[in-house]
Amino acid sequence: NAQGALLAVLVLAWLARGRLNPLAVAPGLCIIGAAASIGCISNGCGYGREVFWTDGLAWALRVDWPDAYLIRNPRLPAQLLLAAWLLLWLAPVIIVARRAGHLADQLQAKTATLLALAACAAGDFGVAFARADAQPLFAQLRLEQWLDIAILCGSSLAAALHLRRRSGPG
């Protein structure tokens with residue numbers, strides 16, 4: 001799942017500790033996430049919930065893509081929504097990563113990676129409301145949404161700690 005991939009990148013970045021180029025890692029998260037999301041379209045993974053002509057804007061956004069059983073019905077383009085979200089965040093992530101590359105600033109590089117992680121998790125959390133594939137629920141949220149919340153909170157906390165470390169004491 002997407003959360004497992006995000007956590008694997010976090011572990012890889014932690015193990016590499018400064019040997020990874022932020023110009024590749026941070027934007028790579030967004031690009032790979034978008035490509036994986038688009039790749040799901042033909043395979044029916046991460047498919048959107050069905051919509052009907054009475055659903056207003058949702059009906060206007062409908063696509064005729066297959067679900068996991070390759071049944072084509074009008075549904076929300078959940079995969080495309082996530083890909084668009086990640087590509088929208090690509091520009092800010094590249095700007096932060098380029099700045100880190102020019103400054104040779106490891107804290108800035110970590111911030112770029114954490115920004116990309118937060119963007120991936122936030123987008124997946126929101127798009128999960130449009131999805132229809134079977135997932136366990138806990139407190140009215142999909143299990144993967146709880147993982148997205150954990151990743152978002154963890155990356156935000158880590159970014160805050162990095163920024164605090166950068167500004168120095170008091």
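Helices (H or I, at least four residues) and strands (E, at least two) are DSSP runs, numbered from the N terminus. By this rule Leu 147 lies in helix α6. The model is a predicted one, in which local features need pLDDT of at least 70 and side-chain atom pairs count only at pLDDT 80 or more, while totals for chains, interfaces and linings use all residues. Residues are numbered from 1 along each chain as its sequence is written, and side-chain values use heavy atoms, with hydrogens and water left out.

**Overall make-up**

The chain has six helices and two strands. Read from the N terminus, the order of elements is α-α-α-α-α-β-β-α. Of the 170 residues, 39% count as buried; buried means under 20% relative accessible area, exposed over 50%, and partly exposed in between (1.4 Å probe, protein chains only). Among contacts (heavy atoms within 4.5 Å) with a separation of 6 or more, 61% join residues 24 or more positions apart. The chain has an accessible surface of about 9700 Å², and carbon and sulfur atoms hold 69% of that. Accessible areas come from the Shrake-Rupley method with a 1.4 Å probe; for residues, only the protein chains shown count as cover.

**Nonpolar core**

A nonpolar core is a set of buried Ala, Val, Leu, Ile, Met, Phe, Trp, Tyr and Cys residues joined through side-chain atoms within 4.5 Å. The largest one has 19 residues, and those with the most contacts inside it are Ala 26, Leu 29, Cys 30, Leu 86, Val 93, Ala 112 and Ala 116. At least two residues of this core come from each of α2 (22–43), α4 (78–103) and α5 (106–127). The largest share, eight residues, is that of α4.

**Salt bridges around Arg 131 and Glu 144**

Side chains of opposite charge can pair when their charged atoms come close. A salt bridge is counted here when a side-chain nitrogen of Lys or Arg is within 4 Å of a carboxyl oxygen of Asp or Glu. The count comes to five salt bridges. The table gives those that involve Arg 131 or Glu 144 and are described here.

| Pair | Closest N to O distance |
|---|---|
| Arg 131 and Asp 133 | 2.4 Å |
| Arg 131 and Glu 144 | 2.8 Å |
| Arg 142 and Glu 144 | 3.6 Å |

Arg 131 lies in the loop between α5 and β1 (137–138) and Glu 144 in helix α6 (residues 143–167), so their salt bridge ties together parts that are 13 residues apart in sequence. The charged residues named in the table are buried: Arg 131 has a relative accessibility of 16%, Asp 133 of 12%, Arg 142 of 8% and Glu 144 of 6%. Shared partners join Arg 131, Asp 133, Arg 142 and Glu 144 into one network of salt bridges.

**Aromatic pairs**

Rings of Phe, Tyr and Trp (its six-membered ring) pair if their centres lie within 6.5 Å; planes under 30 degrees apart count as stacked, over 60 as edge-to-face and the rest as tilted. The structure holds three such pairs. The ring centres of Phe 125 and Phe 129 are 5.4 Å apart and the planes stand at 90 degrees, so this pair is edge-to-face. Phe 125 is partly exposed, at 25% relative accessible area. Phe 138 and Trp 146 also form an edge-to-face pair, with 6.0 Å from centre to centre and 65 degrees between the planes. Phe 138 is exposed, at 58%, and Trp 146 is partly exposed, at 32%.

**Surface patch**

Phe 138 and Trp 146 also belong to a nonpolar surface patch together with Leu 143 and Leu 147, with about 390 Å² of accessible area in total. Patches are made of residues with over 30% relative accessible area and no salt bridge: like charges are joined within 9 Å, and nonpolar side chains (Val, Leu, Ile, Met, Phe, Trp, Tyr) within 5 Å. Helix α6 gives the most to the nonpolar patch, with three residues. Leu 147 is partly exposed, at 34% relative accessibility.

**Loop between the strands**

Ala 139 lies in the loop between β1 and β2 (141–142), and Gln 140 is found in that loop too. Phi of Ala 139 is near 55 degrees, a positive value in a residue other than glycine. Gln 140, likewise not a glycine, has a positive phi near 70 degrees. Ala 139 is exposed, at 55% relative accessibility, and Gln 140 is exposed, at 71%.
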